[in-house]
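Got the viewer open? Let's take a walk through this one, stop by stop, with something to select at each.

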Amino acid sequence: MPIGMLDPRMTTSGQTVQRALTAASSLASPPLVVSHQAVRDPKSISRGPSRDARSLAATASSSRSAPTDHGLIMEREPLRLAPGEPLWVFGYGSIVWKVGFDFDERVVCAARGYRRRFYQGSTDHRGTPEFPGRTVTLETCDADVNPPCWGAAYRVPPERAEEVLEILEVREKQYDKRIRLDLYDDNGDVVVRDAVTYIATGASENLNWLGEASIEEVAETIATAVGPSGANSEYLLNLADAMRGIGVHDPHLDELERRVREIKENRTGE
């Protein structure tokens with residue numbers, strides 16, 4: 001199969017899945033990092049889930065079939081790249097602080113018409129089927145009114161594209177859409193075209209969708225949930241730190257971080 005063409009069924013073979021799982025769980029050491037400067041300012045759980053958190057889990061289960069862990073890798077059309085074309089991957093969540101694959105260039109950039117929200121349930125990394133955590137997705141919004149969603153794009157050389165796609169298909173297996181989008185700098189100029197990223201939506205095939213909730217409810221869930229990859233709060237705090245590390249100010253992310261820290265501090269002091 002040519003580089004850059006990934007048949008999603010490939011990931012169901014034991015050898016390929018094992019290779020991708022092993023790579024996805026490790027943190028790569030990039031040979032080169034190049035960041036573009038940009039202006040990015042847009043206008044110890046010791047007692048288990050709290051009563052509010054348990055109520056949130058029950059509400060999620062009653063309003064929609066409860067999120068569930070599963071081995072399903074979302075079926076997608078093969079991704080076709082022109083011969084010799086590199087793969088660009090846009091990270092707006094955990095990829096920013098734990099890339100997990102080799103790349104040769106990083107560009108700080110933004111997706112216009114999208115905003116970062118913690119709408120996707122996590123039962124395989126930052127939560128469990130009994131109490132799913134929340135991880136980020138991109139929600140569409142009016143680009144003329146809302147600031148863009150900042151993150152980082154990673155260039156994968158053509159000879160590694162197929163391997164990295166296999167890793168991403170497994171890592172993002174609970175996200176129902178793989179999309180391609182152009183990315184912009186702070187002057188509004190396109191700096192990366194047709195980058196790949198994974199998003200979650202409320203479509204029926206997305207078994208892990210939690211959807212919109214108040215910031216208080218989201219913070220309570222994140223402060224409480226724990227999964228095989230660790231605490232949901234660790235995911236949020238690492239992401240907030242990583243965004244600051246690349247000069248990004250995201251008011252929604254900052255507010256969630258503040259509220260989660262308050263919840264955890266109050267529990268420690270009880």
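A disulfide here is a pair of cysteine sulfur atoms within 2.5 Å. By that rule, the count comes to 0 disulfides. Select Cys109: its nearest cysteine sulfur, that of Cys149, is 9.9 Å away, and Cys109 is in no disulfide. Now try Cys141, whose sulfur is 8.7 Å from the closest cysteine sulfur, in Cys149, and that is too far for a bond. As a reminder, a disulfide is a covalent bond between the sulfur atoms of two cysteines.

Before moving on, some housekeeping. This is a predicted model, in which local features need pLDDT of at least 70 and side-chain atom pairs count only at pLDDT 80 or more, while totals for chains, interfaces and linings use all residues. Residues are numbered from 1 along each chain as its sequence is written, and side-chain values use heavy atoms, with hydrogens and water left out.

**The whole chain**

Zoom out and switch to cartoon. You should find 7 helices and 9 strands; these are DSSP runs numbered from the N terminus, with helices being H or I of at least four residues and strands E of at least two. Turn on a surface next: the protein exposes about 12700 Å², and carbon and sulfur atoms supply 49% of it. Accessible areas come from the Shrake-Rupley method with a 1.4 Å probe, and for residues only the protein chains shown count as cover.

Buried means under 20% relative accessible area, exposed means over 50%, and partly exposed is in between (1.4 Å probe, protein chains only). Of the 270 residues, 51% are buried. Both cysteines you just visited count as buried, Cys109 at 0% relative accessibility and Cys141 at 16%.

**Into the core**

Select Leu87, Phe90, Tyr92, Phe101, Phe118, Tyr154 and Leu183. These have the most contacts inside the largest nonpolar core, which has 60 residues. Such a core is a set of buried Ala, Val, Leu, Ile, Met, Phe, Trp, Tyr and Cys residues joined through side-chain atoms within 4.5 Å. In soluble globular proteins, nonpolar side chains tend to be buried together.

Stay on Tyr92 and show its surroundings. Leaving aside neighbours within four places in sequence, its contacts (heavy atoms within 4.5 Å) include Arg116, Val136, Thr137, Leu138, Cys149 and Leu239.

**A strand pair and its loop**

Thr137 leads us to strand S3 (residues 114-122) and S4, which run antiparallel and are joined by 7 bridges. Two strands pair if DSSP finds at least two bridges between them. To see the register, pick Arg117, which stands opposite Thr137 in S4. S4 (residues 133-140) is mostly covered, with 6 of its 8 residues buried.

Follow the loop between S3 and S4 to Arg126. Is Arg126 buried or exposed? At 7% relative accessibility, Arg126 counts as buried. Its side chain has a polar contact of 2.7 Å with the side chain of Glu234, and one of its side-chain polar atoms lies 3.0 Å from the backbone oxygen of Ala231. A polar contact is a pair of N or O atoms within 3.5 Å; within protein, one must be able to donate a hydrogen and the other to accept it, and residues adjacent in sequence count only if both atoms are side-chain atoms. Beyond four places in sequence, Arg126 is also in contact with residues including Trp97, Gly133, Thr135 and Tyr235.

**Asn208 and two helices**

Jump to Asn208, in the loop between strand S7 (190-199) and helix H5 (215-224). Asn208 is buried, with a relative accessible area of 0%, and its side chain makes a 3.1 Å polar contact with that of Thr123. Carry on into H5, where 7 of the 10 residues are buried, so the helix is largely enclosed by the rest of the structure. Among those buried in H5 are Glu220 and Ile222.

Helix H4 (residues 161-171) is mostly covered too, with 10 of its 11 residues buried. Glu162, Glu166, Glu169 and Arg171 are among the buried ones.

**Two last aspartates**

Select Asp102, in the loop between helix H3 (94-97) and strand S2 (105-111). Asp102 is partly exposed at 31%, and its side chain makes a 3.1 Å polar contact with the side chain of Arg160. Measure across to Ala161, 59 residues apart from Asp102 along the chain: the C-alpha atoms are separated by 9.8 Å.

Finish at Asp194 in strand S7. Its phi is near 60°, a positive value in a residue other than glycine. Most residues other than glycine have a negative phi. Asp194 is partly exposed, with a relative accessible area of 41%.
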